[in-house]
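Biologist: I'm new to reading structures, and I'd like a close look at a single part: the disulfide. Could you walk me through the cysteines and then carry on into the surroundings?

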Amino acid sequence: MRRALLAASTALLLAAGPASAQQKSIKIGFISTFSGPVAVIGNDMRNSFELALDHMGRKMGGLPVEVIYEDDGFKPEVGKQKTDKLIESDKVDFIVGYIWSNVLLASMKSAVDSKTFLITSNAGPHQIAGEQCSPYIFSTSWQNDQTPQAMGHYMNQKGVKTAFLIGPNYAAGKDMLGGVASTFKGKIVGQELTKWPDQLDFSAELAKAKAEKPDAIFVFYPGKAGVQFLTQYAQSGLKGQIPLYTAFTIDELSLPLQKDLALGVPGAQEWVNDLPNDANKKFVADYIKKYPGLRPSFYGAQTYDAANLVASAVAATKGNLSDKVAVQKALEKADFKSVRGKFKFNTNHIPIQNFYLQEPVKDQDGNLVLKTVATIVEDNQDRFANECHMK
Amino acid sequence: MRWTLNLRTMVVVLLLVALVLLPMYVELTGSRFLLTLFTRIVILALAAVSLNLILSYGGMMSFGHAAYLGIGGYAVGMLAFEGVTSGLVQWPVALLVSALFALVIGALSLRTRGVYFIMITLAFAQMTYYIVAGLARYGGDDGLTIQKRSQFFPPLNLSNKIQFYYLCLALLFASIYLVWRIVNSRFGMAVQGARSNDTRMRAIGFPTYRYKLTCFVIAGTLCGLSGALLANHTDFVSPAMMYWTRSGDLIIMVVLGGMGSIFGPLFGAVALLVLEEVLSGITEYWQIILGPLLLLVVLFARGGIDGLLGKVRHG
Amino acid sequence: MTLFIEQCLNGLQFGLLLFLLAAGLTLVFGIMDLVNLAHGSLYMLGAYFAATFAAWTGSFVLGAVLALVATLLVGMAVEVIAMRRLYGRDHLDHVLATFGLILFFDELVRLIWGAGGMSLPLPSWLNTSVRILPGVDYSAYKLSIIVVSLVVAAFLYILVMRTRLGMLIRAGASNREMIGALGVNIKLLFTLVFGLGAALAGLAGLMQAPILTVQIGMGENILILAFVITVIGGIGSIRGAFVAAIMVGFIDTLGRAYFTDLLRLTFTKETAATAAPALSSMLIYLLMAVVLVIRPEGLFPAGGK
């Protein structure tokens, strides 16, 4: 019975044949966190993606674009569920987004198994750069270790001899602390991984750090936790006593809440608001115009790039997305103008890029902004490319 | 079961037929997502059926039933991680470990009753949750991806979604039948008697503690099976599978569907999950309807869906 | 040593916060025999109200006071509209109905305040540290939490032990029918007790807000702990809730702080960091299981029913 049905439906499909090979529109699934305190990040990413679409007239390769936004609720299992829905129910052509490394790791298999191209515009667990790299997974952000590695270099430059590391106990947190440890030449006198995301009380860890009397403390706490950490850092009396070095803890989103607590605290980043290239100037200016009262963060910048990356691939393949190899090659070319200036992919689809030192300063109106102070490393490659089977 | 031709019977038959024919509908319309959704419904209905046995018939309100979902799921996940992908090893292990946990937890919890029983089953479930969340090797809170589904002998291939669906459906029907047989047996009558008056049953000579414990273990084992199926379905396990709010979801399914009815859990699972899908498409605030709906069901529609469909019958 | 003192203070502070939450729960449980899962929602509302009012009035303290009043009113409203119909029913019904209320409140908050959560910044006079002992700087705000909680605990003690209302509460916890028979306005008493519980939960919620979080679903995680404390302490007993809460606060805080180091002696730091919070949480549930098996009425039972 089933074979007869199959035969009948195949005949129908074949008759409809050539028409279905051509796309009528480009469907993009977008997964991020739109609930809870970290919703600000998801909103920034969405805003940037929408801005990118506006800039390209809401068309990629001449075809209209449809975006479906889904909320992962900050949970790996929900992210995976939503990814499955986007692939199976909405039948999207691309999936973009993913703030959190653990959510990405849980959701990857569905994309790879179904040969759906996934562009992560934030999460960068070492697995996707190394042993689990895939022709279908691309990143417009970085590999988690790269940014703290840059910070490690900077700490060396500053003559820091001993450091205490604090971060959250999940995929990205472990990568971050590991990244610093791989480049920092001094002695690491202590490491603390805290329960994520529940633990927002860092008094125990700060007390331990204080007891060890290190030259510096390195910290990684994205989103709301970053605000809490800086507040408690000040409350514990450490501010002014032991300097802080950060990655992904201070950004345009958390800065308005951290206020003066963040003044003078350095961070490493591959993109800062004031990078002097044309694409970036347009991005930041138009973002501020379209969303008054808000400034884009690096999450948004990476997402803006992701939109342009996808558009470039669609244009190069003239909308013929069924030829997966061609799409892959087009994506690998990265033929678009990135807001961070130079941009090209390594063999494992992780960007090769510069890392800058950013510091919060007060501008002439007394507002807190992030300023590029120096370039720490140029054309930095992640350290997992050798483990990837793609050469 | 007295198969009288009333509304309830008709709905049951229609639902069963629809479930059996679903894959063909999916094949015709190409909506694979429907198959995924209903596989999930069938798997969770199995879990609800197991809960129904102890909740409605045994009067044991376990707020930690989701723990067995996690235990069954992680048995499969951990073994797969270590390279043991044969279902013939994984599934018996899942069932055995679930049974063992149920035995220990039940033995201790059944010494209490009422709200204390609720709290202690909750406590044990949370403990299991924390144990699993504390296993760094298996991902902890981040969860564990299962790269290959449980392997059986060909032609049985769990990666084939249609085959997998029918397997789950068959197991669901088998468990419903099992529960029906238990409930209508002398053993089952004794357990139900103990629910209304434990002292009286003991006075007559029934070892109620032992009977209840047996029921508890059977329910836990069945739920462990559901967990193993769930792990295969999602290719992913995480401690969240057994958080106490998940146990709450299972209880809602049983109550919504109608306590004390054989097909109630199935109604409840279908209703809750379909409602979730449909409502979340309409508004993102759908839970604001679900909340008071539950309240209303508790206050006014004690028999749940099954009760609404016809007179509530036991068995 | 200073680290240990700090951790002890943290444990005390957490325990006291839990006490505020558990006190309301145990009262309602003991007097009205009502299992209220939605107690965590009142905790959440306290935090949201405080964040909102503090932003409107520009004053932290005023915002807190207004939030307390608002939570009290919401609590009493919930009692009149929903809880009344649940008295005398099966505990299962309570669990289901109040679980439904949790869903409702979570969504209501999302509707009104949005999904993003809120923040409640501390005024500068609280945002410093205090030197309580040579070498020991402790957060001024956390100290104030300890002080406020102890004052409220004392107030509760006086209320329950020395006032007429307290006498009615204690009598109700022991024998509900009797006080009804004695002609006391049960309805009013129940509404007041529920309102008091709500206010206590709201206070706990707003106090932790500046240092922890104001977000949807924040009640669910801590509710479990509150129930555990209620059971360990004895249903209906404020004294039991106090002792149990402090115990739980210490176990959780000291466990998280020292288990990691203990485990690091044999395991990698990653394993230790993952296992330690799990262990300390497990310990609390283990304690409750032990109490339930050995002494199910709790450590300080309120008296027979």
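Modeller: Let's start with the bond itself, and keep in mind that this is a predicted model. The torsion about the S-S bond of A:Cys133 and A:Cys388 comes out at about 85°, so this disulfide is right-handed. The two cysteines sit in distant parts of the chain, 255 residues apart. A:Cys133 belongs to the loop between α5 (126–129) and β6 of chain A, while A:Cys388 is in the segment after β14 (368–380) of chain A. Their sulfurs are 2.0 Å from each other, and a pair within 2.5 Å is what counts as a disulfide.

Are these two cysteines buried or exposed? A:Cys133 has a relative accessible area of 4%, so it is buried. A:Cys388 is buried as well, at 1%. The cut-off to remember is that buried means under 20%.

If you search the whole structure, you find one disulfide over all chains. Take B:Cys168 as a cysteine to set beside that pair. Why is there no bond between B:Cys168 and B:Cys223? The sulfur of B:Cys223 is the closest cysteine sulfur to that of B:Cys168, but it is 14 Å away, so that is too far for a bond. B:Cys168 is buried too, with a relative accessible area of 0%.

Now back to chain A, since the loop with A:Cys133 leads into β6. Strand β6 (137–139) is an edge strand of a sheet, and so is β2 (59–60) of chain A: each of them pairs on one side only. The sheet is open and has six strands, in the order β2-β3-β1-β4-β5-β6, with mixed pairing. Look at β1 (residues 26–32) and β3 (residues 63–71) of chain A: they run parallel and are joined by seven bridges. If you want one pair to find on screen, try A:Ile28, whose bridge partner in β3(A) is A:Val67.

Just ahead of the other edge strand there's a backbone detail worth a stop. A:Arg58 lies in the loop between α2 (39–55) and β2 of chain A. Its phi is positive, about 55°, although A:Arg58 is not a glycine. That stands out because most residues other than glycine have a negative phi. A:Arg58 is partly exposed, at 32% relative accessibility.

A:Lys213 is another non-glycine residue with a positive phi, this time of about 50°. You'll find A:Lys213 in the loop between α8 and β9 (216–219) of chain A. At 65% relative accessibility, A:Lys213 counts as exposed. On the other side of α8 (203–212), the loop that comes from β8 (187–194) holds A:Pro197. A:Pro197 is partly exposed, with a relative accessible area of 36%.

Helix α2 also gives us a nice case of sequence and space telling separate stories. A:Asn308 lies in helix α12 (residues 298–316) of chain A. A:Asn308 and A:Ala52 are 256 residues apart in sequence, yet their C-alpha atoms are 7.1 Å apart in space. Leaving aside neighbours within four places in sequence, A:Asn308 is in contact with A:Met56 and A:Phe336. A:Asn308 counts as buried, at 18% relative accessibility.

Let's hop over to chain B for one more backbone detail. The peptide bond from B:Pro154 to B:Pro155 is cis, with omega near 10°. Most peptide bonds are trans. B:Pro155 is placed in the loop between β1 (144–145) and α6 (161–183) of chain B.

Last stop, chain C. Strand β1 (residues 129–133) is joined to β2 of chain C by four bridges, and the two run antiparallel. C:Leu133 stands opposite C:Val136 in β2(C). The hairpin has two residues between its strands, and C:Gly135 there takes a positive phi near 90°. Along β2 (residues 136–139) of chain C, C:Val136 and C:Tyr138 point one way, C:Asp137 and C:Ser139 point the other way, and all are buried.

Chain C also has a helix pair to look at. Helix α1 (residues 2–32) and helix α9 (residues 218–233) of chain C pack at an angle of about 70°, with their axes 8 Å apart. That makes α1(C) and α9(C) roughly perpendicular to each other, and their crossing is right-handed. Among the residues making the contact are C:Phe14, C:Leu18 and C:Phe29 from α1(C), and C:Ile222, C:Leu225 and C:Phe227 from α9(C).

Key. Residues numbered from 1 in each chain as written. Chains lettered and ligands numbered in written order. Predicted model: local features only at pLDDT ≥ 70, side-chain atom pairs only at ≥ 80, totals over all residues. Heavy atoms only, no water. Pairing = 2+ DSSP bridges. Buried < 20%, exposed > 50% of the residue type's maximum accessible area, 1.4 Å probe, protein only. Axes fitted to C-alpha atoms, helices over the stretch in contact; angles between N-to-C directions. Parallel < 35°, antiparallel > 145°, perpendicular 65-115°, else oblique. Left-handed = near helix turned anticlockwise from the far one by under 90°. Contact = heavy atoms within 4.5 Å.
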